[in-house]
Amino acid sequence: MTERGPGRRHLTLAAELDVRSGTLVGRSVERARIAELVRRAHAGRGGALLVRGEPGIGKSALVFDATERAQGCLVVAVRGVESEVELACSGLGELIGAFVDAVELLPAAQAATLRAVLGFADQPPVTGIYSICTALHSLITLVAEEQPLLIAVDDAHWLDPTSRDAFAFVARRLAEHPALFLMTVRTHEPGVEECFAALPVMELERLSTAESRVLLMALTSEVGIDPRVAAELTVAADGNPLAVRELVSELSAAQLRGRSPLPEPRAVGRALLGLLSSRIARLDPSTRHALLVAAISVDADLATIERAVIAAGGAPDGLEHGAAAGLVRLDGGYVEFSHPLLRSAIVDAASPTAKAGAFDALAATAAPDVRILYRAAGARAPDETVAAGLHHAADRARRAGGHLTAARTLWRAAELSEPGEQRARRMLEAAADAHVAGRLDLGEAWARAAYTATDSAALRADARAEYARAAMWSGRLGDARAVFADAVPHIEDIDPVRAAAILLDRALLEVMGGRPLDAARAAARAVQLVSIDEMRTHRLPWPVVPDVMILSGEVAAGLDILDHGVLDLMPHEDLLGLPALCHAAQSYTWGERFEQAGELIDRIVEAARAAGAPAALPNVFAHRSELGYWTGSWTLAAADAAESIRLGRELEQAGAEAFALTRLGWIQANRGDPAAPATAATATDLGRPGGVDCIPVYADAIRGRYELGRSDFNAAVHWLDRVAEQVDGTGLGNPLTVPWAADHIEALVRTDRRDEALRRLADLDRQAAGTGLAWPAAVAYRCRALLTAGDAADEHFAEAIRHHDRVDIAFDRARTQLCWGNSLLRRRRRQPRRAREHITEALDTFERLRATPWVEQARAALTIAGTPVLAGDAPRTAGLDDLTAQELQVSLAVVKGLSNPEVAAALFLSRKSVERHLSTVYRKLGLRSRTELVAHVSRADTGTINAPTRQHRHPVRQGRVGNA
């Protein structure tokens, strides 16, 4: 075993160790399970184990035993410490500090992130918890490549939130690496169950009666114990090893030998606290004070604690007396309590005055960045100097990625501020950081507190807005809507910029909620208060305005606003504008400006990846998937949707994940994948609790498209009728946002509901004319042709093709050609030659896109036209469609010239995962090198991936068949 670590490297000596043999009492099954995990880690199949149990049950002992037996492993131990002082990323700092040299071997963005966590100067601020998680994963897996790694984390429930989340993230992703996380947590600790939910758990049970007696006899071997006393103590301890030890230490030799009566037994929990408290009470005041200083210190360094003890006027040998009493160990220059419960008992037993004195002593001797935290912990009245210092400490925590620590620090700063606007501002900042950290409950509570703490109309408006944002992202759109609406009237006259910012938030909420009319009203009011140019000056999310306009059908005006602000449509270093840029990219897509949308999306992706800031990626990948749907790059679109789903899940962005599922669902429906309805259902289930009320509209439209492809027109019209019910009256004026109207009209025609089809066509005509877009006009003419009998339909089909020529949307052009061919075949005077021309061209497109149900329809039509075309049995050349979404993303990154470490950093994967994916890609595609992969992908135009060869068709009769 090799042991490393900059701080608290030693785990607590086992309470259930047999002191004669130095081995654990019992726990054979548990030890065997851990030994097997260590063996698997040596073989490159690592993982994690969460050891959970009540206080004193022996969790630390078991992990200590594992570290002692982990031969050949590099062992690093980290411990969470219960404290009234919270340091941002302290657990992370210990772990990263053990491998600080390896940090420099990581890609630049990840190395910068970890240096920022360590508090290095001149580092850019951490952009989010996920960037910390992925950088830590890269570090751990890199170190483990050199030597199998065992990371022991004791009392993980007391880690700071960022460290706890990052450890849990990495622990879940070690299945392919020689690394093992062993973590101990107490049962029923708040917030812990959810954080570590996905990890395997070992519940540590109490010792058996026989095992308790073995431990009891070992502890009393020198003085002896009466069998009746042993039986009573065994029952009183109830299998808790620490209780056994403390009961023995509490009794005199005469009591142990049965010559004096025993005290009244108590329940184990109360007994433990009572026994520990009585041991502390018997100490002299100097020793108690020294132990109190050690208990509230965030640093276990012996020299640091001794300096504070002396500064408080204590005796320098107080800690040694505590060690002699068995309460602490002084090993390796560190102070370690023999059990974490002792720390709690010592602090609980101290008076407020004693605790304040201990904090003052630590503050007097601590480093500047910790000094203010001690002063704040000891403060009992408002103190602006301390509050201002905490404000700076919160800034440092935020830069290191500790947003929840920053939030709590700011809240303490607010508590130490005098009543007034400054206190309210700090409360609001605390609420905002809590929001970023995912604690929307704290964000709401602290926003309410800020509202009541001030009479300022502006600050009250900010408090309302912060509360509404938390409610919005919690899925309570109704609450958020009401609060946003209430906030604006109070400030629009005195602070129009503030009011406009709130209105833009309201517009975004209404877009999420599927209320385009309400979104348009909010956006229009924002523009009345503040011009678009002023919004750009004040760095408000102005692209929301054109986004809402284009959504509502004002396409030309919305695009004009985007074009005039094109210089702002560039990612900035602070990345704050990325969400607004995502809206701009989607607006370009909805405005049929596909090339500009793609360029902007690529810039956003590159900026987010370069900065190690993945928070924007779920949405932007979903938007790129939507773009790929329209341009016919379906394979890449499916890969982008899958990546968005993966990242959305990782980042707990339910709305983005639900939207990405609908993007995947469209492609599945077009390709006849039976998974399409289930994908739509999953999106609906995910979107509704997240408050994304437009998701059910997408989902029903997907189901309708799926059934239309299968020619089940009754089922299709059922789902599309539901879409109509949800969309009617909402003010949705742009058909590209939910491409359902043409499907509905076709399904109505096929089910002989002609009058309703005509009414729906009139609506589509109005939208096509109002938006001026090519696709709505093309599909409207196609629908009009379906409603027109005989040769008169040709004029409408020809007009549809003319509009298709304005913008390249291959799938719908092919659908129009198929409908035209079928129309020619159904007329009184059949025209099979002309029909074959249209249907053959449509078939080429459907096969290229792998739109299987439409391929089958086209083949059936060609059979009617006299040229049956059957799928052959010749093997298909392997192509990008054969890759999984992750394999495709890795391949595309390699094509851009990235090395494996750079690919890993860009995609937030481990290096080993990248290597595995590339090996699979080479095998699937029959390639041998990166050069061959680059050439293969370059040849495979994204719109024509896996175009079928001539062998895929076998004409049964002679007849004209288009080029394959």
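**Cavities, a pocket, ring pairs and some single residues**

The lining of the second largest cavity divides by class into four nonpolar, three polar and five charged residues. I start there, and I should say at once that this is a predicted model. Everything I go through today is computed from that model.

To put that cavity in context, the count comes to five cavities of 30 Å³ or more. The second largest of them has a volume of about 80 Å³. Twelve residues line the second largest cavity, and those nearest its centre are Arg79, Asp155, Phe337, Pro340 and Arg343. Which elements give two or more residues to this lining? They are strand E10, residues 334-337, and helix H17, residues 340-349. On how such spaces are found, a probe the size of a water molecule is rolled over the atoms, and this shows where empty space is left.

Next, the pocket. The second largest pocket has a volume of about 1,100 Å³. Its lining is made of 43 residues, and nearest the centre are Leu87, Ala88, Leu118, Asp369 and Val370. By class, that lining has 23 nonpolar, eleven polar and nine charged residues. Which helices supply at least two residues each to the lining of this pocket? From the earlier part of the chain there are H3 (90-97) and H5 (108-117). Then come H18 (352-365), H19 (368-378), H20 (384-399) and H21 (403-415).

Two of those helices come up again in the aromatic pairs. The whole structure holds 13 aromatic pairs. In one of them, the ring centres of Phe359 and Tyr374 are 6.4 Å apart and the planes meet at 40°, so this pair is classed as tilted. Phe359 belongs to helix H18 and Tyr374 to helix H19, so the pair ties together parts that are 15 residues apart in sequence. Are these two residues buried or exposed? Phe359 has 2% relative accessibility, so it counts as buried. Tyr374 is at 3%, and it counts as buried because the limit is 20%.

A second pair is Tyr629 with Trp630, and this one is edge-to-face, with 5.1 Å from centre to centre and 80° between the planes. Tyr629 and Trp630 are both buried. They also belong to a cluster linked by ring pairs, which takes in Tyr629, Trp630, Trp634, Trp666, Trp775, Phe811, Phe846 and Trp854.

Now a helix and its end. Helix H11 covers residues 241-250 and is mostly covered, with seven of its ten residues buried. Which residues of H11 are buried? They are Pro241, Leu242, Ala243, Val244, Glu246, Leu247 and Val248. Note that Glu246 is in that list. At the N-terminal end, Asn240 caps H11, with a side-chain oxygen 3.1 Å from the backbone nitrogen of Leu242. Ala237 is in helix H10, residues 227-237. Ala237 has 0% relative accessibility and therefore counts as buried. As for distance, the C-alpha atoms of Ala237 and Ser456 are separated by 59 Å, with their positions 219 residues apart along the chain.

That leaves three single residues. Ala66 sits in helix H2, residues 59-69. Its relative accessible area is 4%, so Ala66 is buried. What does Ala66 touch, not counting residues up to four places away in sequence? The answer is Ile34, Leu150 and Leu182. Ala66 and Leu24 are 42 residues apart along the chain, and their C-alpha atoms are separated by 11 Å.

Val483 is in helix H25, residues 477-487. At 19% relative accessibility it counts as buried, because the cut-off is under 20%. Leaving aside neighbours within four places in sequence, Val483 is in contact with Arg464, Tyr467 and Ala468. Val483 and Leu319 are 164 residues apart in sequence, with 56 Å from C-alpha to C-alpha.

Last is His796, in helix H42, residues 793-804. His796 is at 18% relative accessibility and so also counts as buried. With neighbours within four places in sequence left aside, the contacts of His796 are Tyr781, Arg784, Ala785 and Thr788.

Note on methods:
Residues are numbered from 1 along each chain as its sequence is written. This is a predicted model: local features need pLDDT of at least 70, side-chain atom pairs count only at pLDDT 80 or more; totals for chains, interfaces and linings use all residues. Side-chain values use heavy atoms; hydrogens and water are left out. Helices (H or I, at least four residues) and strands (E, at least two) are DSSP runs, numbered from the N terminus. Buried means under 20% relative accessible area, exposed over 50%, partly exposed in between (1.4 Å probe, protein chains only). Contact means heavy atoms within 4.5 Å. A polar contact is a pair of N or O atoms within 3.5 Å; within protein, one must be able to donate a hydrogen and the other to accept it, and residues adjacent in sequence count only if both atoms are side-chain atoms. On a 1 Å grid over the protein atoms alone, a cavity is a set of points where a 1.4 Å probe fits but cannot get out, and a pocket is an open set with protein on both sides within 12 Å along at least five of seven lines; lining residues have an atom within 4 Å of a point. Grid points are joined across faces, edges and corners, and a volume is the space filled by probe spheres set on the points. Ala, Val, Leu, Ile, Met, Phe, Trp, Tyr, Cys and Pro count as nonpolar, Asp, Glu, Lys and Arg as charged, and the others, Gly among them, as polar. Rings of Phe, Tyr and Trp (its six-membered ring) pair if their centres lie within 6.5 Å; planes under 30 degrees apart count as stacked, over 60 as edge-to-face and the rest as tilted.
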